[in-house]
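Here are a few notes to read alongside the model, in case they help as you go through it. I have kept each point short.

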Amino acid sequence: MKQRDAVVMSAEEVDAFLTAQRNATVGTLGPQGRIHLVGMWYAWFDGHVWLETKPKSQKVVNLRRDPRMSFLVEAGHTYDQLRGVALEGEGVVIDDADLLERVCLAVFERYQGPYTDDLRPFLEVMMHNRVVVRLDVARTRSWDHRKLGLPPMDLGGSTATSVTGPSA
């Protein structure tokens, strides 16, 4: 078995990973054909990535011209702990108030905590002048280096303090 095959996540593992993680990188194609990357919060339900964003944002402008979209979520600070999911497909821009509320509610609860009716003003602000982007996935790539059974590795290098903070 190839090492690549050993680290691929199952569909259930991909679902659990995307459910648990917080930050994503979204890629669309800009007007000159260059990749436009942005960090995004997201919702994950019904087998799709969902974003809420402004209708005139660069990513929406790009998707209306060329629907190709990539989505990446990564985790782990040492080689033995690296894992991630990369999705490629078409970003569909949807202007639908009911769907927007569902997506905004999912994003709100994912990053802020349980929603209650007294938080409605915050949700209203979140939904103001927004559209939904749904990623229709054509290709999924995944990796989980924890499956390699490597011994634990110490966090090191010049970037270690950005993860652990300065030592006392």
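1. A cut-off first, since the next point leans on it: a residue counts as buried when its relative accessible area is under 20%. Please also keep in mind that this is a predicted model.

2. How many residues of strand β1 are buried? Five of the six are, so β1 (residues 24-29) is largely enclosed by the rest of the structure.

3. Two strands pair with β1, and both are worth tracing. Strand β2 (residues 35-40) runs antiparallel to β1 and is joined to it by six bridges. Strand β5 (residues 68-75) is also antiparallel to β1, with four bridges between them. To find the register, look for Ala24 opposite Met40 in β2 and for Thr25 opposite Leu72 in β5.

4. The link from β1 to β2 is a hairpin with five residues between the strands. In its turn, Gly33 has a positive phi of about 85°.

5. Val38 belongs to strand β2. Leaving aside residues up to four places away in sequence, Val38 touches Ala24, Thr25, Val26 and Lys59. Ala24, Thr25 and Val26 fall within the range of β1, residues 24-29. If you would like a distance to check, the C-alpha atoms of Val38 and Val125 are separated by 21 Å, and these two residues are 87 apart along the chain.

6. Is His145 buried or exposed? With a relative accessible area of 11%, His145 is buried, because that value is under the 20% cut-off. His145 sits in the loop between β7 (131-144) and α6 (160-164). Its contacts, again not counting residues up to four places away in sequence, are Val7, Tyr79, Asp80 and Leu82.

7. Now for the chain overall. It has six helices and seven strands, and from the N terminus the order of elements is α-α-β-β-β-β-α-β-β-α-α-β-α. The C-alpha trace spans about 50 × 40 × 30 Å along its principal axes. Of the contacts between residues at least 6 apart in sequence, 72% join residues at least 24 apart.

8. Last, burial, surface and charge. Buried residues account for 39% of the 168 in the chain. The accessible surface is about 10100 Å², and carbon and sulfur atoms contribute 52% of that. There are 20 positive and 22 negative side chains, and the centres of these two sets lie 8 Å apart.

Notes
Residues numbered from 1 in each chain as written. Predicted model: local features only at pLDDT ≥ 70, side-chain atom pairs only at ≥ 80, totals over all residues. Heavy atoms only, no water. Buried < 20%, exposed > 50% of the residue type's maximum accessible area, 1.4 Å probe, protein only. Pairing = 2+ DSSP bridges. Contact = heavy atoms within 4.5 Å. Areas by Shrake-Rupley, 256 points an atom, 1.4 Å probe, with all protein chains shown as cover. Lys, Arg positive; Asp, Glu negative; His and termini not counted. Charge placed at Lys NZ, Arg CZ, Asp CG, Glu CD.
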